[in-house]
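Here is a friendly walk through one protein model, with pockets, aromatic rings and buried residues as the stops along the way. Keep the viewer open as you read.

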Amino acid sequence: MTKFAEIEAKVQAGERLSFDDGVYLYSPEVDLNELGVLANMVRERINGNYAYYNINTHLNPTNVCIYRCIFCAFRSDLKDPRGYVMSDEQILERGREAMENGCTEMHIVGGLHHQRKFDWYLNIVRILHDAYPRLHLKAWTGVEINWFQHLTGWSIEKILTELREAGLGSLPGGGAEIFHPDVRDIICEHKADAENWLDIHRTAHRLGLRSNCTMLYGHIEKPEHRIDHLVRLRALQDETGGFQTFIPLAFHPDNTKMADIKKPSSLMDLRTMAISRLMLDNIPHMKAYWIMLGIGTAQTALAYGADDIDGTVRHELIYHDAGAETPEALSVEDIRNLIVEAGREPVERDTLYHRVVRDGTRWETSEPVAVGV
Ligand code: V47
Ligand code: SF4
């Protein structure tokens with residue numbers, strides 16, 4: 001039996017893949033299409049023919065950041081002309097625009113501004129939630145929550161509880177990057193380390209908050225680092241079950257300190273999606289983030305393990321600052337068409353994967369989507 005046939009048999013029997021299996025799947029001898037067929041089998045076992053999307057918008061209240069991650073084109077120094085901090089009025093205006101466009105979710109992340117206190121970040125959640133209580137606020141990555149620990153000296157639990165009382169709905173998956181210290185200490189030495197990041201998500205899950213998780217690939221990391229990353233996420237999910245969606249994030253080099261590295265190819269994107277689907281057997285959803293992958297690759301990824309395509313997305317800055325050539329936003333019709341063209345059935349979901357029943361900008365949620373994990 002070949003190594004691939006052994007892995008295939010394990011997947012068919014619903015058995016877990018090992019670290020070595022994962023690393024092997026990255027070797028060039030493994031045919032991408034055969035790998036895709038295997039990942040698609042798992043994808044359909046869990047999510048059938050559905051492909052989920054939501055109607056969402058992004059808010060990055062500041063790009064001023066004390067950290068200097070070498071993959072980041074978004075951050076700015078305080079005195080750089082690019083640096084900005086949004087006022088409460090500008091933030092509320094974004095909330096109003098989101099409601100007018102029928103958004104169910106606002107994704108809020110930004111820089112770690114060394115002159116802003118925790119109260120500023122807390123207040124953003126509070127004013128938006130008070131004004132627009134139906135808008136789900138998916139806000140602040142594990143790295144930001146870790147920064148709030150530095151700012152306040154409080155426990156993770158206290159910070160998350162305060163945020164939740166102000167209106168936080170869930171945590172986005174950013175800031176995970178690559179957990180292995182051999183890579184993390186080079187690309188983002190200041191950031192929360194793997195244990196901190198995982199502990200923040202563990203605590204969020206214990207408090208009943210759901211969250212997402214990510215992996216930034218295609219820079220200096222090796223297959224061993226990627227699989228180590230996936231295995232750590234899988235272990236936390238075994239403990240808590242609180243992750244909803246995994247989003248593999250392809251490195252975009254423009255305007256970063258790693259501008260000499262080429263963006264990963266679409267083939268690498270599809271391979272990473274498929275391997276992630278196979279390794280993360282306990283996470284229900286895999287997102288093909290169209291902003292980052294490009295529309296064609298995101299469509300193809302729906303047959304390589306992905307079941308979610310993110311949303312209409314408005315005001316995205318992190319990828320566009322780093323050279324993404326995708327449009328600034330897609331209409332609902334565009335999103336549905338691209339899913340149908342890929343042979344899948346579009347399902348509008350809210351952030352917590354309830355089906356959305358919509359009449360224009362008016363919407364109600366119905367039952368949670370059924371998943372097979
Ligand atoms: O943590 C920053 C990444 C992340 C670059 O939870 C870059 O639904 C590639 O996490 N090239 C933020 N990646 C984005 C993120 C996300 C996106 C969409 C949906 C969700 C979700 C989460 O973006 C950062 C970092 O890993 N990033 N710069 C870059 N040049
Ligand atoms: Fe700051 Fe986030 Fe950019 Fe790192 S990735 S420099 S923490 S804004």
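How many nonpolar, polar and charged residues does the lining of the second largest pocket have? Let's take that up straight away, keeping in mind that this is a predicted model.

## The second largest pocket

By class, this lining is made of three nonpolar, two polar and four charged residues. The residues in question are Cys69, Cys72, Ala73, Arg75, Arg82, Asn255, Thr256, Lys257 and Asp321. The space that the second largest pocket holds comes to about 150 Å³.

## The largest pocket

For the largest pocket, the volume is about 190 Å³. Its lining has 13 residues, and those closest to the centre are Val11, Gly14, Val42, Arg45 and Asp281. Two elements, helix 3 (32–47) and helix 11 (266–279), each give two or more residues to this lining. Helix 3 supplies the largest share, with three residues.

Sorted by class, the lining of the largest pocket has six nonpolar, two polar and five charged residues.

## Aromatic rings

Now for the rings. The model has twelve aromatic pairs. One of them joins Tyr121 and Phe148 in a tilted arrangement, with 4.8 Å from centre to centre and 50° between the planes. Tyr121 belongs to helix 5 (residues 118–131) and Phe148 to helix 6 (residues 142–152), so the pair links distant parts of the chain, 27 residues apart. Both Tyr121 and Phe148 are buried. These two rings also belong to an aromatic cluster, together with Phe118, Trp120, Trp140 and Trp154.

Two arginines lie over ring faces. Arg349 is placed over the face of Tyr353, at 4.4 Å from the ring centre. Arg355 takes up such a position over Tyr50, at 5.4 Å from the ring centre.

## Helix 6 and its cover

Phe148 has buried company in helix 6: Gly142, Val143, Glu144, Ile145, Asn146 and Trp147 are buried as well. Which elements cover these residues? Among them are helix 5, helix 7 (156–166) and helix 9 (194–206). After helix 6 comes Gly153, which has a positive phi, near 75°.

## Two buried residues to look up

Why does Thr104 count as buried? Its relative accessibility is 1%, and buried means under 20%, so Thr104 qualifies. Thr104 sits in the loop between helix 4 (88–100) and strand 3 (105–108). Leaving aside neighbours within four places in sequence, Thr104 is in contact with Asn54, Ile55, Arg134, Leu135, His136, Glu348, Arg349, Asp350, Arg358 and Trp363. Arg349 in that list is the residue that lies over the face of Tyr353.

Gly311, in strand 9 (residues 308–311), also counts as buried, because its relative accessibility is 0%. Not counting residues up to four places away in sequence, Gly311 touches Asn54, Asn56, Trp290 and Ile335. Asn54 is thus named among the contacts of Thr104 and among those of Gly311. If you would like a distance to check in the viewer, try the C-alpha atoms of Gly311 and Lys287: they are separated by 10 Å, and the two residues are 24 apart along the chain.

Terms used. Residues numbered from 1 in each chain as written. Chains lettered and ligands numbered in written order. Predicted model: local features only at pLDDT ≥ 70, side-chain atom pairs only at ≥ 80, totals over all residues. Heavy atoms only, no water. 1 Å grid on protein atoms, 1.4 Å probe; cavity = no way out; pocket = protein on both sides within 12 Å on 5 of 7 lines; lining within 4 Å. Points joined across faces, edges and corners; volume = space filled by probe spheres on them. Helix = DSSP H or I, 4+ residues; strand = E, 2+ residues; numbered from the N terminus. Nonpolar A, V, L, I, M, F, W, Y, C, P; charged D, E, K, R; others polar. Phe/Tyr/Trp six-rings, centres within 6.5 Å; stacked < 30°, edge-to-face > 60°. Buried < 20%, exposed > 50% of the residue type's maximum accessible area, 1.4 Å probe, protein only. Lys NZ or Arg CZ within 6 Å of the ring centre and 35° of its normal. Contact = heavy atoms within 4.5 Å.
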